[in-house]
Amino acid sequence: MNIRVIDPGEVSARERYQLMTSLVVPRPIGWLSTWSADGVANLAPFSYFNAISVSPMLVAVSIGHLRDGFKDTLVNLRARGAFCVNVVSEDLLVPMNESSANVGPEVDEFVLAGLSQSTSDRVDAPFVAECAAVLECRVQQEVDLRGAPNTLVIGEVVGIRLAEELHFEEGTMLVIPEQLRPLGRLGGSAYAIPGVVRRVPRPDAR
Ligand SMILES: Cc1cc2nc3c(=O)[nH]c(=O)nc-3n(C[C@H](O)[C@H](O)[C@H](O)COP(=O)(O)O)c2cc1C
(Lines give C-alpha, C1' and ligand atoms only; values in the text may rest on other atoms or scores of the structure.)
Protein backbone atom coordinates (compact mmCIF):
# COMPACT_ATOMS: atom_id res chain seq x y z
CA MET A 1 0.00 0.00 0.00
CA ASN A 2 1.41 3.43 -0.93
CA ILE A 3 0.70 6.03 1.74
CA ARG A 4 0.04 9.75 1.33
CA VAL A 5 0.79 11.73 4.49
CA ILE A 6 -1.17 14.94 5.02
CA ASP A 7 -0.08 17.60 7.49
CA PRO A 8 -3.20 19.41 8.74
CA GLY A 9 -1.29 22.69 8.60
CA GLU A 10 -0.76 22.32 4.82
CA VAL A 11 -4.42 22.13 3.83
CA SER A 12 -7.21 24.70 4.14
CA ALA A 13 -9.77 24.76 6.94
CA ARG A 14 -12.38 23.53 4.46
CA GLU A 15 -10.17 20.60 3.50
CA ARG A 16 -9.50 19.78 7.17
CA TYR A 17 -13.27 19.72 7.68
CA GLN A 18 -13.67 17.41 4.67
CA LEU A 19 -10.93 15.05 5.88
CA MET A 20 -12.22 15.01 9.46
CA THR A 21 -15.84 14.41 8.56
CA SER A 22 -15.13 11.71 5.98
CA LEU A 23 -12.65 9.83 8.18
CA VAL A 24 -14.23 9.93 11.64
CA VAL A 25 -17.17 7.85 10.49
CA PRO A 26 -19.94 6.93 10.83
CA ARG A 27 -20.92 9.54 13.41
CA PRO A 28 -24.08 9.45 15.50
CA ILE A 29 -26.39 12.38 14.90
CA GLY A 30 -27.52 14.39 17.92
CA TRP A 31 -30.75 15.96 16.68
CA LEU A 32 -31.14 18.70 19.26
CA SER A 33 -34.41 20.37 20.13
CA THR A 34 -34.57 23.49 22.30
CA TRP A 35 -36.73 26.48 23.09
CA SER A 36 -35.61 30.06 22.71
CA ALA A 37 -35.98 32.47 25.63
CA ASP A 38 -39.22 33.71 24.07
CA GLY A 39 -40.64 30.26 23.36
CA VAL A 40 -39.81 29.51 19.70
CA ALA A 41 -39.02 25.83 19.15
CA ASN A 42 -35.73 24.99 17.44
CA LEU A 43 -34.46 21.76 15.92
CA ALA A 44 -31.05 21.08 14.33
CA PRO A 45 -28.76 18.07 13.73
CA PHE A 46 -25.19 17.86 15.06
CA SER A 47 -22.83 15.01 14.20
CA TYR A 48 -19.98 16.28 16.35
CA PHE A 49 -21.90 14.41 18.99
CA ASN A 50 -21.30 11.45 21.24
CA ALA A 51 -21.86 9.66 24.55
CA ILE A 52 -19.04 10.40 27.00
CA SER A 53 -20.01 8.95 30.41
CA VAL A 54 -22.62 6.69 32.04
CA SER A 55 -22.57 7.70 35.75
CA PRO A 56 -23.77 10.34 35.36
CA MET A 57 -25.03 9.79 31.82
CA LEU A 58 -23.36 12.50 29.77
CA VAL A 59 -23.44 13.44 26.10
CA ALA A 60 -21.33 16.05 24.32
CA VAL A 61 -22.05 18.18 21.28
CA SER A 62 -19.70 20.56 19.51
CA ILE A 63 -21.52 23.55 18.05
CA GLY A 64 -19.72 25.62 15.42
CA HIS A 65 -19.81 29.41 15.69
CA LEU A 66 -21.19 31.64 12.96
CA ARG A 67 -19.13 34.51 11.51
CA ASP A 68 -21.38 36.99 13.30
CA GLY A 69 -22.52 35.12 16.40
CA PHE A 70 -23.87 31.82 17.66
CA LYS A 71 -26.22 29.18 16.26
CA ASP A 72 -29.74 29.24 17.65
CA THR A 73 -29.18 25.92 19.44
CA LEU A 74 -26.31 27.35 21.49
CA VAL A 75 -28.21 30.55 22.25
CA ASN A 76 -31.21 28.48 23.41
CA LEU A 77 -29.17 26.02 25.48
CA ARG A 78 -27.69 28.96 27.32
CA ALA A 79 -31.08 30.56 27.87
CA ARG A 80 -32.95 27.44 29.03
CA GLY A 81 -30.21 25.13 30.32
CA ALA A 82 -31.79 22.15 28.60
CA PHE A 83 -32.18 20.23 25.34
CA CYS A 84 -33.52 16.95 24.01
CA VAL A 85 -31.55 14.58 21.77
CA ASN A 86 -33.89 12.96 19.27
CA VAL A 87 -32.44 9.71 17.90
CA VAL A 88 -32.60 9.84 14.09
CA SER A 89 -33.92 6.62 12.62
CA GLU A 90 -33.65 5.87 8.92
CA ASP A 91 -37.19 7.04 8.13
CA LEU A 92 -36.42 10.53 9.48
CA LEU A 93 -33.46 11.26 7.17
CA VAL A 94 -35.28 13.83 5.03
CA PRO A 95 -36.89 15.88 7.84
CA MET A 96 -33.61 15.73 9.81
CA ASN A 97 -31.80 17.21 6.83
CA GLU A 98 -34.50 19.85 6.31
CA SER A 99 -34.14 20.94 9.93
CA SER A 100 -30.49 21.85 9.25
CA ALA A 101 -31.54 24.79 7.03
CA ASN A 102 -29.82 28.02 7.93
CA VAL A 103 -32.84 30.03 9.07
CA GLY A 104 -33.44 32.80 11.61
CA PRO A 105 -34.31 32.27 15.27
CA GLU A 106 -37.96 33.11 14.57
CA VAL A 107 -38.32 29.97 12.42
CA ASP A 108 -39.62 26.80 14.08
CA GLU A 109 -37.84 23.92 12.31
CA PHE A 110 -40.47 21.44 13.56
CA VAL A 111 -42.92 23.24 11.26
CA LEU A 112 -40.32 23.63 8.50
CA ALA A 113 -39.63 19.88 8.48
CA GLY A 114 -43.28 18.83 8.94
CA LEU A 115 -42.73 17.26 12.37
CA SER A 116 -44.86 17.18 15.52
CA GLN A 117 -43.57 18.84 18.65
CA SER A 118 -44.09 17.38 22.12
CA THR A 119 -43.07 18.84 25.46
CA SER A 120 -40.70 17.19 27.90
CA ASP A 121 -41.96 17.03 31.47
CA ARG A 122 -38.43 16.62 32.84
CA VAL A 123 -36.46 19.36 31.10
CA ASP A 124 -37.27 22.75 29.65
CA ALA A 125 -37.21 21.63 26.01
CA PRO A 126 -39.45 20.20 23.28
CA PHE A 127 -38.84 16.90 21.46
CA VAL A 128 -39.77 15.26 18.16
CA ALA A 129 -42.91 13.17 18.68
CA GLU A 130 -42.04 10.96 15.67
CA CYS A 131 -38.75 9.79 17.26
CA ALA A 132 -38.78 6.36 18.91
CA ALA A 133 -36.01 7.35 21.33
CA VAL A 134 -35.34 10.69 23.02
CA LEU A 135 -32.75 11.70 25.64
CA GLU A 136 -33.89 14.56 27.88
CA CYS A 137 -30.83 16.55 28.94
CA ARG A 138 -29.80 19.34 31.29
CA VAL A 139 -26.78 21.40 30.33
CA GLN A 140 -23.97 20.39 32.69
CA GLN A 141 -21.17 22.61 31.39
CA GLU A 142 -19.59 24.30 28.41
CA VAL A 143 -16.00 23.37 27.64
CA ASP A 144 -13.60 25.92 26.17
CA LEU A 145 -11.92 24.41 23.09
CA ARG A 146 -9.08 26.95 23.29
CA GLY A 147 -9.47 29.03 20.17
CA ALA A 148 -11.48 26.55 18.09
CA PRO A 149 -14.54 28.18 16.51
CA ASN A 150 -16.80 25.71 18.33
CA THR A 151 -18.32 25.42 21.78
CA LEU A 152 -18.48 21.97 23.35
CA VAL A 153 -21.63 21.55 25.41
CA ILE A 154 -21.96 18.66 27.85
CA GLY A 155 -25.45 17.58 28.83
CA GLU A 156 -26.60 15.23 31.57
CA VAL A 157 -29.31 12.79 30.50
CA VAL A 158 -32.03 13.00 33.14
CA GLY A 159 -34.77 11.16 31.28
CA ILE A 160 -35.02 8.62 28.45
CA ARG A 161 -38.21 8.19 26.41
CA LEU A 162 -38.58 4.98 24.40
CA ALA A 163 -41.45 3.93 22.15
CA GLU A 164 -43.14 0.72 23.30
CA GLU A 165 -42.33 -0.75 19.86
CA LEU A 166 -38.64 -0.74 20.77
CA HIS A 167 -37.53 -3.85 22.63
CA PHE A 168 -34.42 -4.78 24.57
CA GLU A 169 -32.10 -7.68 23.87
CA GLU A 170 -33.05 -10.40 26.32
CA GLY A 171 -31.98 -9.82 29.91
CA THR A 172 -30.49 -6.40 29.12
CA MET A 173 -31.44 -2.79 28.41
CA LEU A 174 -29.70 -2.90 25.02
CA VAL A 175 -32.16 -1.45 22.53
CA ILE A 176 -32.40 -3.75 19.51
CA PRO A 177 -30.60 -1.90 16.68
CA GLU A 178 -32.64 -3.60 13.95
CA GLN A 179 -35.71 -1.89 15.47
CA LEU A 180 -34.11 1.50 16.15
CA ARG A 181 -32.43 1.69 12.71
CA PRO A 182 -30.20 4.68 13.60
CA LEU A 183 -28.66 6.78 10.83
CA GLY A 184 -24.94 7.49 10.77
CA ARG A 185 -23.37 10.57 9.24
CA LEU A 186 -20.54 10.16 6.72
CA GLY A 187 -18.71 12.96 4.87
CA GLY A 188 -20.61 15.64 2.93
CA SER A 189 -24.16 14.63 2.11
CA ALA A 190 -23.54 10.90 2.66
CA TYR A 191 -25.30 8.87 5.36
CA ALA A 192 -24.88 5.29 6.53
CA ILE A 193 -28.15 3.37 6.60
CA PRO A 194 -28.02 0.41 8.98
CA GLY A 195 -27.47 -2.82 7.08
CA VAL A 196 -26.84 -6.30 8.41
CA VAL A 197 -25.98 -6.18 12.13
CA ARG A 198 -23.21 -8.59 13.15
CA ARG A 199 -22.87 -9.55 16.80
CA VAL A 200 -19.34 -10.41 17.93
CA PRO A 201 -18.94 -11.29 21.63
CA ARG A 202 -15.99 -9.68 23.44
CA PRO A 203 -13.03 -12.03 24.02
CA ASP A 204 -12.66 -13.63 27.46
CA ALA A 205 -9.99 -12.23 29.78
CA ARG A 206 -6.66 -13.95 29.12
C1 LIG B 1 -26.26 15.65 9.59
C2 LIG B 1 -25.77 17.02 9.97
C3 LIG B 1 -24.84 17.15 11.00
C4 LIG B 1 -24.41 18.42 11.41
N5 LIG B 1 -23.49 18.49 12.42
C6 LIG B 1 -23.11 19.70 12.90
C7 LIG B 1 -22.21 19.79 14.00
O8 LIG B 1 -21.77 18.80 14.57
N9 LIG B 1 -21.89 21.04 14.45
C10 LIG B 1 -22.41 22.16 13.89
O11 LIG B 1 -22.10 23.27 14.35
N12 LIG B 1 -23.26 22.10 12.83
C13 LIG B 1 -23.63 20.90 12.34
N14 LIG B 1 -24.51 20.83 11.28
C15 LIG B 1 -25.10 22.07 10.75
C16 LIG B 1 -26.25 22.56 11.64
O17 LIG B 1 -27.29 21.60 11.69
C18 LIG B 1 -26.80 23.88 11.03
O19 LIG B 1 -25.82 24.89 11.15
C20 LIG B 1 -28.11 24.36 11.64
O21 LIG B 1 -28.65 25.38 10.83
C22 LIG B 1 -27.94 24.92 13.04
O23 LIG B 1 -29.21 25.30 13.46
P24 LIG B 1 -29.53 26.35 14.59
O25 LIG B 1 -28.97 27.70 14.18
O26 LIG B 1 -31.02 26.32 14.63
O27 LIG B 1 -28.89 25.86 15.86
C28 LIG B 1 -24.91 19.58 10.79
C29 LIG B 1 -25.84 19.45 9.73
C30 LIG B 1 -26.25 18.18 9.32
C31 LIG B 1 -27.24 18.04 8.18
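**Reading E109 and helix 2**

Biologist: Is E109 buried or exposed, and which side chain of opposite charge is the nearest to E109?

Modeller: E109 is buried (under 20% relative accessible area, where over 50% is exposed and in between is partly exposed, with a 1.4 Å probe and protein chains only). E109 has no salt bridge (a side-chain nitrogen of Lys or Arg within 4 Å of a carboxyl oxygen of Asp or Glu), and the nearest side chain of opposite charge, K71, is 11 Å away. This is a predicted model, in which local features need pLDDT of at least 70 and side-chain atom pairs count only at pLDDT 80 or more, while totals for chains, interfaces and linings use all residues. Residues are numbered from 1 along each chain as its sequence is written, and side-chain values use heavy atoms, leaving out hydrogens and water.

Biologist: What does the side chain of E109 reach?

Modeller: The side chain of E109, a residue of helix 4 (residues 109–112; a DSSP run of H or I, at least four residues, numbered from the N terminus), reaches the backbone nitrogen of L43 at 3.0 Å. Beyond neighbours within four places in sequence, the contacts of E109 (heavy atoms within 4.5 Å) include A41, N42 and S99.

Biologist: Which residues of helix 2 are buried?

Modeller: In helix 2, D72, T73, L74, N76 and L77 are buried, and among the elements that cover them are strand 1 (30–35) and strand 8 (133–144).

Biologist: Where is R78, and what is its relative accessible area?

Modeller: R78 is also found in helix 2 (residues 72–80), but R78 is partly exposed, with a relative accessible area of 39%. Leaving aside neighbours within four places in sequence, R78 is in contact with F70, E142 and T151.

Note on methods. Helices (H or I, at least four residues) and strands (E, at least two) are DSSP runs, numbered from the N terminus. Lys and Arg count as positive and Asp and Glu as negative; His and the chain ends are not counted. A polar contact is a pair of N or O atoms within 3.5 Å; within protein, one must be able to donate a hydrogen and the other to accept it, and residues adjacent in sequence count only if both atoms are side-chain atoms.
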